[in-house]
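Trainee: I should like to learn how to read a protein model feature by feature. May we work through one together?

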Amino acid sequence: CCSREPLESSKLLTMKVHLNCTEHMDNVRLNLHWAAVTLANTLDATPIRPVPVIPTALARNLSSPMSLAQVQNTCKYGFLTMDQTRKLLLILESDPKAYTLPLVGIWLSGITHIHSPQVWTCCLRYLFS
């Protein structure tokens, strides 16, 4: 979870599946047994008072009605860091600053619900970075 590889929630869930098929005359019987192994972490979302954001090109794009996440119909995400004036700086996960600056949180764009798997995946990526 702390590499520079793209974020893939499928890598956080390991599954083992066993399928057994038996045939007797015209009857076919399928038995499916599966087990999943995933991380056992509980994440709580807590609303906070608004914090000023440094108006970078990324911040302006994300706050515009035609943001990149809306145009591409995909989830965009990254990290948050804070400067000396207590303003947030949004940085992409691929930005080299994400590995040198102290991180204080994550940002997501294009998410429709807090229970989205992308939210959970981004939180884990932040926790283990």
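**A buried charge and its partner**

Mentor: Let us start with one residue of this predicted model. Glu 93 sits in the loop that connects strand 4 (88-92) with strand 5 (105-109).

Trainee: Is Glu 93 buried or exposed?

Mentor: The general idea is to compare the relative accessible area with a cut-off, and buried means under 20%. Glu 93 has a relative accessible area of 9%, so it counts as buried.

Trainee: With which side chain does the side chain of Glu 93 make a polar contact?

Mentor: The partner is the side chain of Arg 125, at 2.6 Å. In general, side chains of opposite charge can pair when their charged atoms come close. Here the side chains of Arg 125 and Glu 93 meet in a salt bridge, with 2.6 Å from N to O. This pair links distant parts of the chain: Arg 125 belongs to helix 3 (residues 117-127), Glu 93 to the loop between strand 4 and strand 5, and they are 32 residues apart. Both Arg 125 and Glu 93 are buried.

Trainee: How many salt bridges does a search of the whole structure find?

Mentor: The search finds 1 salt bridge.

**The overall layout**

Trainee: What pattern does the protein follow along the sequence?

Mentor: One lists helices as α and strands as β in sequence order. The pattern here is β-β-α-α-β-β-β-α, and the protein has 3 helices and 5 strands. Of its 129 residues, 19% count as buried.

**Reading a sheet**

Trainee: In what order do the strands of the open sheet stand?

Mentor: The order within a sheet is read across neighbouring strands. In this open sheet 3 strands stand in the order 4-3-5, with antiparallel pairing. Strand 4 and strand 5 are the edge strands, since each pairs on one side only. On average, neighbouring strands of this sheet are turned by 35° against each other, direction ignored.

Trainee: How many bridges join strand 3 to strand 5?

Mentor: Strand 3 (residues 76-82) and strand 5 run antiparallel and are joined by 5 bridges. Within strand 5, Trp 107 stands opposite Gly 78, and Ser 109 is the bridge partner of Lys 76.

Trainee: Which side chains of strand 5 point to one face and are buried?

Mentor: Side chains alternate along strand 5. Gly 105, Trp 107 and Ser 109 point to one face and are buried, whereas Ile 106 and Leu 108 point to the other and are not.

**A nonpolar patch on the surface**

Trainee: Which residues make the nonpolar surface patch?

Mentor: One looks for nonpolar side chains grouped on the surface. Val 17, Leu 19, Val 28, Leu 30 and Leu 32 make a patch of about 520 Å². Strand 1 (13-24) and strand 2 (27-38) are the elements that each give two or more residues to this patch. Strand 2 provides the largest share, 3 residues.

Trainee: Is Leu 32 buried or exposed?

Mentor: Leu 32, which is placed in strand 2, has 54% relative accessibility. The cut-off for exposed is over 50%, and therefore Leu 32 counts as exposed.

**An unusual backbone angle**

Trainee: What is phi of Arg 86?

Mentor: Most residues other than glycine have a negative phi. Phi of Arg 86, however, is near 65°, a positive value in a residue other than glycine. Arg 86 lies in the loop between strand 3 and strand 4. Its relative accessibility is 60%, so Arg 86 counts as exposed.

Technical notes: Residues numbered from 1 in each chain as written. Predicted model: local features only at pLDDT ≥ 70, side-chain atom pairs only at ≥ 80, totals over all residues. Heavy atoms only, no water. Helix = DSSP H or I, 4+ residues; strand = E, 2+ residues; numbered from the N terminus. Buried < 20%, exposed > 50% of the residue type's maximum accessible area, 1.4 Å probe, protein only. Polar contact = N/O pair within 3.5 Å; in protein donor to acceptor, adjacent residues only side chain to side chain. Patch = residues over 30% accessible without salt bridge, like charges linked within 9 Å, V, L, I, M, F, W, Y side chains within 5 Å. Areas by Shrake-Rupley, 256 points an atom, 1.4 Å probe, with all protein chains shown as cover. Salt bridge = Lys/Arg side-chain N within 4 Å of Asp/Glu carboxyl O. Pairing = 2+ DSSP bridges. Axes fitted to C-alpha atoms, helices over the stretch in contact; angles between N-to-C directions.
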